[in-house]
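Biologist: Let's go through the ligand site and the empty spaces. I want the reasoning behind each label.

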Amino acid sequence: MNYIGSKLKLSSWIEEEVKKVVGDNISQKTFCDIFAGTGIVGRTFKKDVKQVISNDLEHYSFVLNRNYIQNHIDIENKESYIKELNSLPLIDSGFIYQNYCMGSGSERQYFSDENGKKIDTIRIKIKEWYETKKIDDDLYYFLLASLVESADKVANTASVYGAFLKHIKKSASKELILEPAYFLEDNNEHKVFNMDSNELIKQISGDILYLDPPYNQRQYSANYHLLNTITMYDTFIPKGKTGLREYNRSSYCRKNEVKQSFEELIENAKFEYIFLSYNNEGLMSEDDVKNIMEKYGKYSLITKEYQRFKADKTENRNHKANKTYEYLHMLQKDIH
Ligand SMILES: C[S@@+](CC[C@H](N)C(=O)[O-])C[C@H]1O[C@@H](n2cnc3c(N)ncnc32)[C@H](O)[C@@H]1O
């Protein structure tokens, strides 16, 4: 999934750096990814550690992580459910088609008409199977995660769901095909939550805490509202031109609240090793982060330099743009 702040390209580097500090063998450790988003960091560590604790404020993220992290035992015949969902006759009375597709007269175009109907058809069937106990929790979240990933691929947006495009773009005109969201199988038990980080932190403990909070004012809940609508599948009156629903406002996206929230999180963390990814142009400055973290133990800053490439339209090739840095702040906390 194309997600703001995704660590897809950085997850191996984060894994390497964590191991340099904590040690190569982390097989008996508990790793917590408390701002999990797509779940890619937790998924990277799932094969290395005894337990992953994963959390995010957003429901679509909970669904993805409930599947990719908590699911760990093979689900028999899972492909046959995918196959059945892909071949159902389409309905046109569902919430997505009625409110987010042009053909229904909604004046919104987040999906092509066919794909909107297919999302509803699949979502309603998954709900029916779950309510009649034909499928259990593990299979329910596997199918829902598959739907989130597959629907996102055909969304008619520039990148996020803050707005839709006037014309159906090429990728959005392709038929939605439900693809299985495969998860790593292992013998360990993992836990996934859908809570505010600062509430959850008071209830958990472990060894390695990875923090990847939002770093600017863009609220994820507003930018990915449609994914929440697909996973929650409740009814409400969509607001305005973009069809927004009520959304969560994270204190990490607020200039005057972020430092206090961050400090509270560090203070309450019962983890020896804390790693933070944070952009150098974020709401907290590098010094803000350092000043807070070093109050609680041994602090250091790990950086990685990389070259950003920019498309040069006149010459039609890429050229090197400014150097950018990736920052990983590290705290070995005095927890005794
Ligand atoms: C930078 S993204 C994380 C990206 C993730 N590491 C990945 O690679 O996909 C920040 C995440 O924090 C979540 N978030 C924001 N405020 C939160 C809060 N107070 N508690 C828990 N999660 C929160 C957002 O929903 C978003 O998914």
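**Pocket, ligand and cavity**

Modeller: By class, 17 nonpolar, 11 polar and six charged residues make up the lining of the second largest pocket. Keep in mind that this is a predicted model.

Biologist: What makes a residue part of that lining of the second largest pocket?

Modeller: Lining residues have an atom within 4 Å of a grid point. For the second largest pocket, 34 residues line the space, and Phe35, Asp56, Asp212, Pro214 and Tyr220 are the closest to its centre. Helix 2 (40-46) and helix 10 (220-223) are the elements that give two or more residues to this lining. The space in this pocket comes to about 430 Å³.

Biologist: Which pocket does the ligand take up?

Modeller: The ligand occupies the second largest pocket. The test is that more than half of a molecule's atoms lie within 2 Å of the grid points.

Biologist: Which residues come nearest to the ligand?

Modeller: Tyr3, Thr38, Asp56, Asp212 and Ser250 come nearest, out of 23 residues around the ligand. The cut-off for being near is a heavy atom within 4 Å. The shell holds 11 nonpolar, seven polar and five charged residues.

Biologist: Why is the pair between serine 250 and the ligand called a polar contact?

Modeller: A polar side-chain atom of serine 250 lies 2.7 Å from a nitrogen atom of the ligand. The limit for a pair of N or O atoms is 3.5 Å, so the pair with serine 250 qualifies.

Biologist: What about the backbone?

Modeller: Lysine 7 has a backbone N or O atom 2.7 Å from an oxygen atom of the ligand. Serine 197 has a polar backbone atom 2.9 Å from a ligand nitrogen atom. The cut-off is 3.5 Å, so both pairs are polar contacts.

Biologist: How much of the ligand does the protein bury?

Modeller: The ligand taken alone exposes 610 Å², and the protein buries 99% of that.

Biologist: What makes a space a cavity and not a pocket?

Modeller: In a cavity a 1.4 Å probe fits but cannot get out, whereas a pocket is an open set. The structure holds one cavity of 30 Å³ or more. The largest cavity has a volume of about 40 Å³.

Biologist: Which residues line the largest cavity?

Modeller: Tyr278, Asn279, Asn280, Met284, Ser285, Glu286, Val289, Tyr327 and His329 do. Helix 13 (286-293) and strand 7 (317-333) each supply at least two residues of that lining. By class, the lining has four nonpolar, four polar and one charged.

Key: Residues numbered from 1 in each chain as written. Predicted model: local features only at pLDDT ≥ 70, side-chain atom pairs only at ≥ 80, totals over all residues. Heavy atoms only, no water. Polar contact = N/O pair within 3.5 Å; in protein donor to acceptor, adjacent residues only side chain to side chain. Areas by Shrake-Rupley, 256 points an atom, 1.4 Å probe, with all protein chains shown as cover. 1 Å grid on protein atoms, 1.4 Å probe; cavity = no way out; pocket = protein on both sides within 12 Å on 5 of 7 lines; lining within 4 Å. Nonpolar A, V, L, I, M, F, W, Y, C, P; charged D, E, K, R; others polar. Points joined across faces, edges and corners; volume = space filled by probe spheres on them. Helix = DSSP H or I, 4+ residues; strand = E, 2+ residues; numbered from the N terminus.
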